[in-house]
Amino acid sequence: MKIPLKHLVQALAALIGLVAVFGLVQPPVLAAAARPSRATARAAAAGTFNVKDYGAKGDGDANDTSAINKAITAANDAGGGTVRFPSGTYKSSNTIHMKSNVTLQLDSGSTIKGASGTGYDKPESNSNDKYQDYGHSHFHDAMIYGDKLTNIGFTGSGTIDGGGHLITGNPDSGQADKIISLTRCTNLTLSGITLRRGGHFAALINGCDHVTSDHLTIDTASDRDGWNIISTTNVTITNANISANDDALPFKSDYALGAKLPSGHVTVTDSKLSAKCCNALMFGSETCGDFTDYTFSHITITGAQKSGLGMVSMDGANISDVHYSDITMSGVRSPIMLKVGTRKRCGNSPGVGHISGITVDNVTGTGASPSFSPTIWGQSGGNQISDVTFTNVDLTVPGGNGTMGTGVPSDSGDYNPKSIGTRPAYGWYIHNANNIKFVNSSVRFSEDDGRPAVIANTGSAISFDHFTAQRGGDSPSDLLFQSINGYCVTNGANTSGGSLRVATSGGSTRSCGSR
């Protein structure tokens, strides 16, 4: 039987289609279109996406942002992977957009470097601008940005360097003021790498959960902040080395995301911090949402022109269950400052906050200012600072002041240690506080001082057990209690071995009870 030619052609076409469906052969054009490059195929198979396979030059001259973003997208499309930067300098003139399930791995000798110009994402609008500084209110204007991401990381041993091109103040459209900017992220790893010359911030995270960092180095000593951790929970930081000009490692909670968010369950250990102009290890000043469950241990602080250990509640936050231990400080303007303020710069009509449940153990420090003595400054009534215990805390301050009046110094309302002015005690000044304990602790000066070592003004249950104070040549007393209901001094001595001179006023009463 003779089969018409057109029927033979139709049958052959159908046969080819069936074969193609079962993957036995591909039409040449289809095969070429679907086939990835060999390098990309190898990368995808290994879960590693080399930025050079996506066009990055790594020569420090070409703009590699597009290639980096392509590699990130490819890793994300594959369900996750590592975007690898081999040794080289990868200039990024535009914002790198992180995506979920992606880790940037910087090999030894690799640097992602910022650029001048106005190629970065412009800052987004924020209706909550008025509740925090500009840099905290905008997140898009960064070298690297991401929002609502999960399982992301920055690892390896390379560097991300702003190169002096990032803005330390408020950037113009297209300028970046931070290296890494992440909001509402979950499962973030930031380890091994170095962040340098970050502009306003080397890293700024807000509203994140489960953050892990080990052997992170930050050098922003010629720019501003190190790492700002804002409204973030479940954080573990080990072996950090942060040298900042502004705040080195501050924990904050603001209203930039339009809500008061909690912060807490944080551990920081075995780290080194310094801050040229400002605070080394700090709570605030942005303090809208509450903070709880923080542990800081085995930390060395070398320099801070505000506070070594600073804790302020300025915007209604309750700060509680915070524990410091085995910390060494040198060259800090105010070694320790706890303050409740009344700024109330937060949405939803905040009240005045509270600080409670703080322990400070095995801490030594040398102050750098004769005026800004270690301070506990609460507000009246229910906003007093309460339940704070210092054990084996030994501080040496500069001293060098003469005698002065013992009245309460004025408070400008700022969070800065200088907001209270020169304290009338060379050592501890305590105001509006309840249940404050010092155990096996001491305070000394480097130069003779005419003020008392300690003044406690307005509060209750202030106790000193085995407390040692250096006696000033012209000081009227060693410890002065003003309007304190229930003070107790036991087993105290001056540095020469004599007993402490205790003075009272304002109806202060002694009550040691079962202490």
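Let me begin with His215, which is partly exposed, because its relative accessible area is 46% and a residue counts as buried only under 20% and as exposed only over 50%. Please keep in mind throughout that what we are looking at is a predicted model. His215 sits in the loop between strand S15 (209–214) and strand S16 (217–220), and although His215 is not a glycine, it has a positive phi of about 55°.

Asn432 also has a positive phi of about 55°, and Asn432 is not a glycine either. This residue, however, belongs to a strand, namely S28, which covers residues 428–439, and at 8% relative accessibility Asn432 counts as buried, because the limit for that word is 20%.

While we are on the backbone, let me point out the peptide bond between Gly284 and Ser285, which is cis, with an omega of about 15°. Ser285 is part of strand S22, and that strand, residues 281–287, will come back when we reach the largest pocket, since S22 gives the most to its lining, with three residues.

So let us turn to that pocket, whose volume is about 170 Å³. Of the 16 residues that line the largest pocket, those closest to its centre are Asp133, Asp247, Lys252, Glu286 and Tyr415. What is the lining made of, if we divide its residues into nonpolar, polar and charged? Two of the residues are nonpolar, four are polar and 10 are charged.

Next comes helix H4, which runs over residues 65–77, and here we can do a small check together. With 13 residues at 1.5 Å a residue, H4 should span 18 Å, and because its end C-alpha atoms are indeed 18 Å apart, the expected and the computed values agree. The multiplication uses one less than the number of residues. Several residues of H4 are buried, among them Thr65, Ile68, Asn69 and Ile72, and the buried residues of this helix pack against a series of strands, including S1 (48–50), S2 (59–63), S3 (81–85) and S4 (88–91). Just after H4 we meet Gly79, which takes a positive phi of about 95°.

Let me move on to the aromatic side chains, of which the structure holds 21 pairs. One pair is Tyr131 with Tyr255, whose ring centres are 5.2 Å apart and whose planes stand at 80°, so the pair is edge-to-face, the cut-off for that arrangement being over 60 degrees. Tyr131 lies in the loop between strand S7 (110–113) and helix H5 (134–137), while Tyr255 lies in the loop between strand S20 (249–253) and strand S21 (263–275), so the pair ties together parts that are 124 residues apart in sequence. Both of these tyrosines, Tyr131 and Tyr255, are buried. Elsewhere, one aromatic cluster is formed by Phe390, Trp428, Phe438, Phe464, Phe467, Phe481 and Tyr487.

I will finish with Ser334, whose place is in strand S24, residues 318–340. Is Ser334 buried or exposed? Ser334 is buried, because its relative accessible area is 0%, and buried means under 20%. If we leave aside the neighbours within four places in sequence, Ser334 is in contact with Lys306, Ser307, Gly308, Phe372, Ser373, Pro374 and Pro417, and you may like to find these residues in the structure while we talk.

How values were computed:
Residues are numbered from 1 along each chain as its sequence is written. This is a predicted model: local features need pLDDT of at least 70, side-chain atom pairs count only at pLDDT 80 or more; totals for chains, interfaces and linings use all residues. Side-chain values use heavy atoms; hydrogens and water are left out. Helices (H or I, at least four residues) and strands (E, at least two) are DSSP runs, numbered from the N terminus. Buried means under 20% relative accessible area, exposed over 50%, partly exposed in between (1.4 Å probe, protein chains only). Contact means heavy atoms within 4.5 Å. On a 1 Å grid over the protein atoms alone, a cavity is a set of points where a 1.4 Å probe fits but cannot get out, and a pocket is an open set with protein on both sides within 12 Å along at least five of seven lines; lining residues have an atom within 4 Å of a point. Grid points are joined across faces, edges and corners, and a volume is the space filled by probe spheres set on the points. Ala, Val, Leu, Ile, Met, Phe, Trp, Tyr, Cys and Pro count as nonpolar, Asp, Glu, Lys and Arg as charged, and the others, Gly among them, as polar. Rings of Phe, Tyr and Trp (its six-membered ring) pair if their centres lie within 6.5 Å; planes under 30 degrees apart count as stacked, over 60 as edge-to-face and the rest as tilted.
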